[in-house]
Amino acid sequence: MADWLAALDRRAELRAKAGLTRRLHPRPAGEAVTDLAGNDYLGLATHPEVTAAAARALSAYGLGATGSRLVRGSTDAHHALEDALAGWLGTDRALVFSSGYLANLGALRALVQPRTLLVSDAHNHASLIDGCRISGAETVVTAHADVTAVAAALAVAPGRPAVVVTESVFSVDGDLAPLAELHAVARRYGALLLVDDAHALGVTGPSGAGAVAAAGLAGQPDVVVTATLSKALGGAGGLVAGPAEFVRHLVETGRTFIFDTALPPAVAAGVHTAVGLARAGDPLRAELAARATFAVRRLRDAGLTVPTPDAAVISVTAPGPEAATAWAADCRDRGVAVGCFRPPSTPDTRSRLRLTLNAGVPRVEFERALEIIVECAP
């Protein structure tokens, strides 16, 4: 009976030897750490208007939604948020899920019909990878941001329904997918384009509407947008936005929507307020862009390898997984929280620190954090 537990212990030992052990670190409220690891890009998670809206809804509705959306979980707060998101993104409709992960799983499964081919970028997030797998459709993984490879994959499957699957701003290196070119190729072959706009929503595009809008693709009938509400909007949950017919299809058939308890109404209300703040947040976006430029220059001047970011994600190459872990730990010991990405979380076997910029962090504190990162570098 204990053999399976011994096998798990052995696998844990192998991960430890490879420097791939992962641990949970509880974060106390009001922790005195400079946060360059979370995804609260605009600093809205603690904005007083956001928390006040959530508190009012908490008092009105209670802690949870008490059921799935099709049972008792749909509230005025959910529908108001969905209307606001659709208006912001320029789509017919938007549908809110309890997480961005479930939104991606649900969207991909709903897009698949018999003989569908999925063409997925090699650097896509785990939720997109899992969505492709769970859909049961044939999936071709193409080289990162390679439009020619996508065209070749579609060309060998003439007449088949197909979906090109990509992030907009990629979560590991922070680079931007060539969305306009991908859409042109997809349309040429009669394929759909699914874009996970999680790291761009609120950060890029007109009024922060994301990279899809920035590429001029908002509201296109062959484009489906997914995103999370937990990054620039400071809350939790996920969304799928696109043609009204597709959203209706999700409501009626989407298993990760139908059989999941709804997002708490208090979170929906808080995120709704955050949407309004994000739409008016051009000064915050300008500050993020300025900080990204400053950070890249400072880190490169220190001899570190840093790709040019397209949004608010900065990737800093580490020598290996153990060095990355030690580097992140040293930074944390000195009061700076940074992301630490190692295989298998990275698509290219490289380890790196990931810095996510937060406009809510005071500028002087941000610059001090960069100095500590440089001083702790292996």
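The largest cavity in this predicted model encloses about 70 Å³ of space. It is one of three cavities of 30 Å³ or more in the structure. Its lining is made up of 14 residues, and those nearest the centre are Leu-89, Thr-91, Val-212, Ala-218 and Val-225. Several secondary-structure elements contribute to this wall: helix H9 (211-214), strand S7 (223-228) and strand S8 (238-242) each provide at least two residues. In terms of residue class, the lining of the largest cavity comprises nine nonpolar, four polar and one charged residues.

Turning from cavities to pockets, the largest pocket has a volume of about 1,500 Å³. A total of 37 residues line this pocket, with Ala-37, Gly-38, Arg-332, Ala-337 and Val-338 lying nearest its centre. At least two lining residues come from each of strand S1 (34-36), helix H14 (321-333) and strand S10 (336-341). Of the elements involved, S10 gives the most, with five residues. The class make-up of the lining of the largest pocket is 13 nonpolar, 14 polar and 10 charged residues.

The second largest pocket holds about 230 Å³ of space. Gly-100, His-125, Ala-198, Thr-228 and Lys-231 are the closest to its centre among the 20 residues that line it. Here helix H5 (100-111) and S7 each supply at least two residues of the lining, and H5 gives the most, with four residues. Sorted by class, the lining of the second largest pocket contains five nonpolar, 11 polar and four charged residues. Strand S7 thus appears in two of the linings described here, that of the largest cavity and that of the second largest pocket.

Helix H10 offers a clear view of how a helix sits against its surroundings. Within H10 (residues 244-253), the residues Phe-246, Val-247 and Leu-250 are buried. Seen down the axis of H10, the buried residues fall within an arc of 100 degrees, so they line one face of the helix. The partners of these buried residues are strand S2 (93-97), H5, S7, S8 and helix H11 (255-258), against which they pack. Some of these partners have been met already: S7 and S8 each supply at least two residues to the lining of the largest cavity, while H5 gives the most to the lining of the second largest pocket.

Two aromatic pairs are present in the structure. Phe-97 and Phe-257 form an edge-to-face pair, with 5.5 Å centre to centre and 65 degrees between the planes. Because Phe-97 belongs to strand S2 and Phe-257 to helix H11, this pair ties together parts that are 160 residues apart in sequence. Both Phe-97 and Phe-257 are buried. Strand S2 and helix H11 are also among the elements against which the buried residues of H10 pack. In the other pair, the ring centres of Phe-294 and Phe-366 are 6.5 Å apart and the planes stand at 55 degrees, so the pair is tilted. Phe-294 lies in helix H13 (residues 282-301) and Phe-366 in helix H15 (residues 363-376), so this pair ties together parts that are 72 residues apart in sequence. Phe-366 has a relative accessibility of 1% and therefore counts as buried.

A few individual loop residues complete the picture. Gly-19 is found in the loop between helix H1 (3-17) and S1, and with 9% relative accessibility it counts as buried. Leaving aside residues up to four places away in sequence, Gly-19 touches Pro-321, Glu-322, Thr-325 and Arg-342. The C-alpha atoms of Gly-19 and His-199 are separated by 27 Å, the two residues being 180 residues apart along the chain.

Positive phi values outside glycine also deserve a look. Thr-66, in the loop between helix H2 (48-61) and helix H3 (69-73), has a phi near 70 degrees, a positive value in a residue other than glycine. Thr-66 has a relative accessible area of 67% and is exposed. Ser-207 is not a glycine either, yet its phi is positive at about 55 degrees. Ser-207 lies in the loop between strand S6 (192-196) and H9, and its relative accessible area of 34% makes it partly exposed. Helix H9, which follows that loop, is one of the elements supplying at least two residues to the lining of the largest cavity.

Note on methods: Residues are numbered from 1 along each chain as its sequence is written. This is a predicted model: local features need pLDDT of at least 70, side-chain atom pairs count only at pLDDT 80 or more; totals for chains, interfaces and linings use all residues. Side-chain values use heavy atoms; hydrogens and water are left out. On a 1 Å grid over the protein atoms alone, a cavity is a set of points where a 1.4 Å probe fits but cannot get out, and a pocket is an open set with protein on both sides within 12 Å along at least five of seven lines; lining residues have an atom within 4 Å of a point. Grid points are joined across faces, edges and corners, and a volume is the space filled by probe spheres set on the points. Ala, Val, Leu, Ile, Met, Phe, Trp, Tyr, Cys and Pro count as nonpolar, Asp, Glu, Lys and Arg as charged, and the others, Gly among them, as polar. Buried means under 20% relative accessible area, exposed over 50%, partly exposed in between (1.4 Å probe, protein chains only). The arc is that of the directions from the helix axis to the C-beta atoms. Contact means heavy atoms within 4.5 Å. Rings of Phe, Tyr and Trp (its six-membered ring) pair if their centres lie within 6.5 Å; planes under 30 degrees apart count as stacked, over 60 as edge-to-face and the rest as tilted.
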